[in-house]
Amino acid sequence: MQHHSKAADQKLLQELNRIVVLNEIVEAKQISRSQVAKRTKLSPSTVSIIVEAFINEGIVIEVGDGDSTKAGGRKPRLLRINEKGACIVTAAVSAESRGILVQFVVFDLGFTPIDERELVVDRSGEELIRWMENELRSIVDRQEGRRVLGIGVSISAIVGNDGVVYRGHLLDLDEFPLADHLRRAFPRLPVVLEEDTSAAILGEHTIGSNTTYQNLIYVMVGRGIGASAILSNRLIKGAKGGAGVIGHMSINKFGEMCTCGKRGCLRLYATELMFMKKIREAVRDGRPVPSSVFDPKTEQVYPREVYQEAVKGEPYCTGLLTTLLDDLAIGLSNLVHLFNPERILIGGNLLSAQNVVIPYLNTKMAEYTDSPPTSVEVVASKLGKDAPIYGVASIVYNDHFLKKGLLLKTKRSNRVS
Ligand SMILES: [Zn+2]
């Protein structure tokens, strides 16, 4: 049995009161001290003390005057969050054909980017991580006087609940304990690490245009395919963090052999891997392909050009994209029957052909679902390639600002802290 001292209990209570007051101000956008007291049922003097502390810390400011009271009393000053009073430092790492793409964004408390940089680097493995940590450190150091709530990192690989990166082959990071690395690099700051699809769905759910939906599936299609799900407003991670690895969901037991030892995995049909294979086959058989997707001199295949060509209506590329979408639709209908989402959000490179992709998938899903309860709407991710970075920012904000308050430092469960 644990024993708490009275002083410790008192401190916990004060911290909880801080969180309650902070959340009230965030939710109301503008509110007077007396309204906070009324809504939280805390005493006006407790509220006053907490609010003064927030004002001193620079995260709450007083604005204008409130409505005058019916009795004709003095108009109360209103409180609101000072969005510039603190910030969240984020990074997103993904593999591109040109190299490793790293985005750095500093957000204020209103999720407005106040500093952003995006670059393609020719680094991988531990060297990439060491470089990213140094960049993050210099960004944190630049925020003079502005409190850094924490650091959020998104990565395009499978991230286990143990904070280990798996199958980050394109980043040269397999079975890499990234969470431990980040924790050692930033011992004084909370750090959250999330895989890109999970981060993206959180971004769309908390900041994008899907805040009112409780059941969502996000599918990222590009060189690979991955999915994430929010069901009843909760992100589904699974026992070890492996939920949503749909690339290895088979849609054909007689299909091609996959690296995982199974046949017919979705990644062989519904990703740019299929474009590359089909283009190479066509070239080998002497069939014509657009010069934008294959350079005969270098024998280089450009799978990402397929999207642009299909949008322009080029017949060969339209055929390739349609083939991908037909197989993707089978995979998505499996997810629909399993999870019954209200919406499926499409992200990744596939978005660059969204004018073709979204109507096509909606038609297919209407065909594949046979009763009103399983109907679903397919939409494009609004935040696009920025969804993961907004997502990790939202985790830092929720976990280390709204829920815990600025001074509250408790132990985390599986997220790095
Ligand atoms: Zn497989």
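The following paragraphs lead through a predicted model, from its overall dimensions to its sheets, its core and one pair of packed helices.

The protein contains eleven helices and 17 strands, and its C-alpha trace spans about 85 × 50 × 45 Å along the principal axes. Of its 417 residues, 39% count as buried. Among the contacts with a separation of 6 or more, 60% are accounted for by residues 24 or more positions apart.

A good place to begin is the open sheet formed by five strands in the order 6-5-4-7-10, in which the pairing is mixed. Its edges are strand 6 (113-121) and strand 10 (191-195), each of which pairs on one side only, and the average turn between neighbouring strands, with direction ignored, is 15°. Within this order, strand 4 (residues 86-95) and strand 5 (residues 100-108) are antiparallel and are joined by nine bridges, with Ser94 standing opposite Leu101 of strand 5. On going from strand 4 to strand 7 the sense changes to parallel, with eight bridges between the two, and here Ala92 stands opposite Ser154 of strand 7. The pairing of strand 7 with strand 10 is also parallel and extends over five bridges; Ser154 appears again in this pairing, where it stands opposite Glu194 of strand 10. Strand 7 is mostly covered, with eight of its nine residues buried.

Two helices can be placed against these strands. Helix 5 (residues 178-185) lies across strand 7 (147-155) and strand 10, and runs at about 155° to strand 10. Helix 11 (residues 387-402) packs on the sheet as well, where it touches strand 4, strand 5, strand 7 and strand 10, and its direction makes about 140° with that of strand 7.

Further along the chain, strand 11 (residues 216-221) has six of its six residues buried. In a regular strand, side chains alternate between the two faces of the sheet. For strand 11 both faces are covered, with Leu216, Tyr218 and Met220 buried on one side and Ile217, Val219 and Val221 buried on the other. Strand 11 forms a hairpin with strand 12, with three residues between them; the two strands pair in the antiparallel sense over six bridges, strand 12 comprising residues 225-231, and Leu216 stands opposite Ile230. Strand 11 also pairs with strand 16 (residues 343-347), this time in the parallel sense and over five bridges, and the bridge partner of Met220 in strand 16 is Gly347.

Two residues of strand 11 return when the nonpolar core is considered. The largest such core has 110 residues, of which Tyr218, Val219 and Leu321 touch the most other members. If neighbours within four places in sequence are left aside, Leu321 is in contact with Val306, Tyr307, Ala310, Ala353 and Val356.

The last feature is a contact between two helices. Helix 1 (residues 6-28) packs against helix 3 (residues 44-57) at an angle of about 80°, with the axes 10 Å apart. Because angles of 65 to 115 degrees count as roughly perpendicular, helix 1 and helix 3 are described in that way. The residues that meet are Asn17, Arg18 and Val21 from helix 1 and Thr46, Val47, Ile50 and Val51 from helix 3. By class, this contact of helix 1 with helix 3 has four nonpolar, two polar and one charged residues.

Definitions and conventions
Residues are numbered from 1 along each chain as its sequence is written. This is a predicted model: local features need pLDDT of at least 70, side-chain atom pairs count only at pLDDT 80 or more; totals for chains, interfaces and linings use all residues. Axes are lines fitted to C-alpha atoms, for helices over the stretch in contact, and angles run from 0 to 180 degrees between N-to-C directions. Helices (H or I, at least four residues) and strands (E, at least two) are DSSP runs, numbered from the N terminus. Angles under 35 degrees count as roughly parallel, over 145 as roughly antiparallel, 65 to 115 as roughly perpendicular and the rest as oblique. Two residues are in contact if their C-beta atoms, placed from the backbone, lie within 7 Å. Ala, Val, Leu, Ile, Met, Phe, Trp, Tyr, Cys and Pro count as nonpolar, Asp, Glu, Lys and Arg as charged, and the others, Gly among them, as polar. A nonpolar core is a set of buried Ala, Val, Leu, Ile, Met, Phe, Trp, Tyr and Cys residues joined through C-beta atoms within 7 Å. A residue is buried if 20 or more other C-beta atoms lie within 10 Å of its own, exposed if 12 or fewer, and partly exposed in between; C-beta atoms are placed from the backbone. Two strands pair if DSSP finds at least two bridges between them.
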